[in-house]
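User: I have a protein model open and do not know how to read it. Can you take me through it step by step?

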Amino acid sequence: VTELGIDNEVENCIMLLNTIIREGIIQKTSIVPLSHELHLVKCYLDLMELRYPDVESHLAVDETLLQCSVFKFSLQPILENCFSHAFTEETGRAKHIYIHIYRQENDLVIHIQDNGCGLKGDYLKELQQLNSDMKTDQTHHVGIQNVHKRITNVFGARYGISMENTPPGTTVSIRYPITPQP
């Protein structure tokens with residue numbers, strides 16, 4: 001940073017990473033308002049844009065839901081999978097991640113959709129087993145599994161993560177009850 005001066009890509013990267021790490025350490029509560037989680041998501045997406053400049057992200061949010069309660073860092077593992085897995089094969093398409101947050105009756109629904117290569121059969125089946133009783137020694141999909149278990153343990157089996165291939169890519173849905181932040 002000293003050599004490059006201020007307001008450059010390296011400084012920006014350090015500041016974004018600092019924000020994300022600070023939230024993990026300082027903020028002790030695990031349930032936060034959606035607005036807080038979206039701030040972390042924007043920092044993460046800005047950071048990943050530096051690494052993957054060819055991936056565009058799009059965010060559409062029902063702003064009446066911004067004070068609803070969600071788990072902190074619940075979107076990051078899903079977004080990480082988008083960057084790590086969705087675009088591993090060349091499709092000839094521009095690379096996009098869409099985040100759509102809306103109300104469905106009394107639920108807050110978060111859809112994260114990519115237009116990547118989709119999930120292959122066995123991999124999709126593994127991920128869909130999140131809704132069943134996965135073994136606790138499972139070493140794959142730990143981030144998604146942890147988020148799913150936190151949601152279902154607190155809010156019940158009706159809530160959590162589901163996923164499906166939605167050609168040309170994959171859609172991951174996270175469902176929470178609409179509960180305002182205390």
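Analyst: We will go from the overall fold to single residues. Keep in mind that this is a predicted model.

User: How many helices and strands does the chain have?

Analyst: Start by listing the elements. Here there are five helices and seven strands. Then read them in sequence order. The pattern is α-β-α-β-β-α-β-β-α-α-β-β.

User: What share of the residues is buried?

Analyst: The chain has 182 residues, and 42% of them count as buried. Look also at how far apart in sequence the contacting residues are. Among contacts with a separation of 6 or more, 69% join residues 24 or more positions apart.

User: In what order do the strands of the sheet stand?

Analyst: Read a sheet from edge to edge. This open sheet has five strands in the order 2-4-5-7-6, with mixed pairing. Strand 2 (55-61) and strand 6 (160-166) are the edges; each has a single partner strand, so one side of each has no neighbour in the sheet. From one strand to the next, the twist averages 15 degrees.

User: Which strands pair with strand 5, and in what sense?

Analyst: Check both sides. Strand 5 (residues 107-114) pairs with strand 7 (residues 169-177) in the antiparallel sense, over eight bridges. With strand 4, the pairing is also antiparallel, over eight bridges. Now go down to single partners. Ile112 has Val172 as its bridge partner in strand 7. Leu108 faces two ways: Tyr176 is opposite in strand 7, and Arg103 is opposite Leu108 on the strand 4 side.

User: Is strand 5 mostly covered or mostly open?

Analyst: Mostly covered. Six of its eight residues are buried. In general, side chains in a regular strand alternate between the two faces of the sheet.

User: Which strands does helix 2 lie across?

Analyst: To place a helix, ask what lies under it and which way it runs. Helix 2 (residues 34-51) lies across strand 2, strand 4 (95-104) and strand 5, at about 170 degrees to strand 2. Helix 3 (residues 76-86) also packs on the sheet, touching strand 2, strand 4, strand 5, strand 6 and strand 7. The direction of helix 3 makes about 15 degrees with that of strand 5.

User: Which residues have the most contacts inside the largest nonpolar core?

Analyst: Look for buried nonpolar side chains that touch. The largest such core has 39 residues. Those with the most contacts inside it are Leu79, Ile97, Ile99, Leu108, Ile110, Ile112 and Tyr176. Helix 2 gives the most to this core, with eight residues. Take Ile110 as an example. Beyond its neighbours up to four places away in sequence, Ile110 touches residues including Leu75, Ile99, Val172 and Tyr176.

User: Which residues of helix 1 are buried?

Analyst: First the general idea. An α-helix has 3.6 residues a turn, so residues three or four places apart point the same way. Now the case: Leu16, Thr19, Ile20 and Glu23 are the buried residues of helix 1. Seen down the axis, they fall within an arc of 90 degrees, so they line one face of the helix. Those buried residues pack against helix 2.

User: What span should helix 1 have?

Analyst: Use the rise of 1.5 Å a residue. The 17 residues of helix 1 (residues 9-25) should span 24 Å, and the end C-alpha atoms are 24 Å apart, which agrees. Helix 2 has 18 residues and reaches 26 Å, close to the 26 Å expected.

User: Where do residues other than glycine take a positive phi?

Analyst: Check the loops. Phe73 has phi near 60 degrees and lies in the loop between strand 3 (69-71) and helix 3. Phe73 is partly exposed, at 23% relative accessible area. Glu105 has phi near 55 degrees. Glu105 belongs to the hairpin of strand 4 and strand 5, which has two residues between the strands. At 68% relative accessibility, Glu105 is exposed.

User: Which peptide bond is cis?

Analyst: Read omega for this. The bond from Pro167 to Pro168 is cis, with omega near 20 degrees. Pro168 sits in the loop between strand 6 and strand 7.

User: What is Gly118 in contact with?

Analyst: Look beyond the sequence neighbours. Setting aside those within four places, Gly118 contacts Asn165, Pro168, Gly169 and Thr170. Gly118 and Asn165 are 47 residues apart along the chain, yet their C-alpha atoms are separated by 5.8 Å. Gly118 lies in the loop between strand 5 and helix 4 (121-128). With 17% relative accessible area, Gly118 is buried.

Notes: Residues are numbered from 1 along each chain as its sequence is written. This is a predicted model: local features need pLDDT of at least 70, side-chain atom pairs count only at pLDDT 80 or more; totals for chains, interfaces and linings use all residues. Side-chain values use heavy atoms; hydrogens and water are left out. Two strands pair if DSSP finds at least two bridges between them. Helices (H or I, at least four residues) and strands (E, at least two) are DSSP runs, numbered from the N terminus. Axes are lines fitted to C-alpha atoms, for helices over the stretch in contact, and angles run from 0 to 180 degrees between N-to-C directions. Contact means heavy atoms within 4.5 Å. A nonpolar core is a set of buried Ala, Val, Leu, Ile, Met, Phe, Trp, Tyr and Cys residues joined through side-chain atoms within 4.5 Å. Buried means under 20% relative accessible area, exposed over 50%, partly exposed in between (1.4 Å probe, protein chains only). The expected span of a helix is 1.5 Å times one less than its number of residues. The arc is that of the directions from the helix axis to the C-beta atoms.
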